[in-house]
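Open the model in your viewer and follow the stops below in order. At each one, select what is named and compare it with the text.

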Amino acid sequence: MVFHNILPKIGAHWLVNLYRSARKLRSLQSKPSTVAASGCTIPAAAGRTVLYDFHGGILRSRALFPYFMLVAFEGGSFLRALLLLVFLPLVWILGEHSDASLRVMAFVTFVGLRPRDANLVARAILPKFYMEKLNAEVYDRLWLPAKRKVAVTSTPKVMAEWFLKEYMAADIVVGNELQMIKVGRRCYFTGLLGRLGPLPGGMTEKVLRSEFGVDGGMADLA
């Protein structure tokens, strides 16, 4: 019985590692030159308002699929994770950060999932993987000294908000909202994203303006 309980977990982690290896192989084939980047001057962030993309800014990697896979398996089941894997070729073709891919991954991962299960994964599982990919230079020199910190994530907000506020001390987290439906006394995610816009990362200018307030406030660094 113990073996049957452990086998799906081993399979899920193997799938995530396989995806990471494939992505790393792809990045090596089209790796940009870092000569010009090495001479960049990092601006001072002390006492200023900063706005960063969570994936690719605060985290070193822009990959999204592994985190959806973790939620699908840990919060759902091995079959849900397997179904998400079936859609990987489609996500790969469309591009992980495209609106269509985000909708597909969100739907397969969250449809029928209870918010409490998703929150449990966001608090107990995802932080470990986020910390492994943390961009230490951005965190130490740009994020930590800032007075007001705003993070933008293209994943559903439930996947990143707790980590960003509890671990990273973010003041504002802007992300896609998942729609919910109430059945009896319980709530379930429909898998549909409540807000998704045409700008990169699925964020709209209207959403960012509402988060910063109507006083015309802007980020000093982004």
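Start by selecting E161, which is partly exposed because its relative accessible area is 26%; buried means under 20%, exposed over 50% and partly exposed in between, with a 1.4 Å probe and protein chains only. Add K165, partly exposed at 37%. The side chains of E161 and K165 form a salt bridge, 3.4 Å from N to O; the term means a side-chain nitrogen of Lys or Arg within 4 Å of a carboxyl oxygen of Asp or Glu. E161 and K165 are four residues apart in helix α10, so about one helical turn separates them. Helices (H or I, at least four residues) and strands (E, at least two) are DSSP runs, numbered from the N terminus.

This is a predicted model, in which local features need pLDDT of at least 70 and side-chain atom pairs count only at pLDDT 80 or more, while totals for chains, interfaces and linings use all residues. Residues are numbered from 1 along each chain as its sequence is written, and side-chain values use heavy atoms, with hydrogens and water left out.

Now add K157 and E177 to the selection. Together with E161 and K165 they are linked in a network of salt bridges.

Next, show the whole of helix α10, residues 157–166, with β2 and β3. The helix lies across both strands, in contact with them, where contact means heavy atoms within 4.5 Å. Helix α10 runs at about 155° to β2; axes are lines fitted to C-alpha atoms, for helices over the stretch in contact, and angles run from 0 to 180 degrees between N-to-C directions.

Stay with the strands and add β1. What is the order of strands in this open sheet? It is β1-β2-β3, with parallel pairing; two strands pair if DSSP finds at least two bridges between them. β1 (49–53) and β3 (172–176) are at the edges with a single partner strand each, so one side of each has no neighbour in the sheet. Neighbouring strands here are turned by 15° against each other on average, direction ignored. Strand β2, residues 148–156, is joined to β3 by four bridges. Zoom in on P156 to find N176 of β3 opposite.

Select M159 next. Leaving out residues up to four places away in sequence, M159 touches Y67, F68, V71, F110, A122, L126 and Y130. Which residues touch the most other members of the largest nonpolar core? They are I58, F110, Y130, M159 and L164, out of 46 residues in that core. A nonpolar core is a set of buried Ala, Val, Leu, Ile, Met, Phe, Trp, Tyr and Cys residues joined through side-chain atoms within 4.5 Å. Colour helix α3, residues 65–76, which gives the most to this core, with eight residues. Another core, of five residues, lies apart from it and includes L51, V150, V152 and I172.

For the last close-up, go to helix α9, residues 136–143, where R141 and E137 lie four residues apart, about one turn of the helix. Their side chains meet in a salt bridge of 3.6 Å, N to O. R141 is partly exposed at 46% relative accessibility, and so is E137 at 44%.

Finally, zoom out to the whole chain. The protein chain has 11 helices and five strands, and 41% of its 222 residues are buried.
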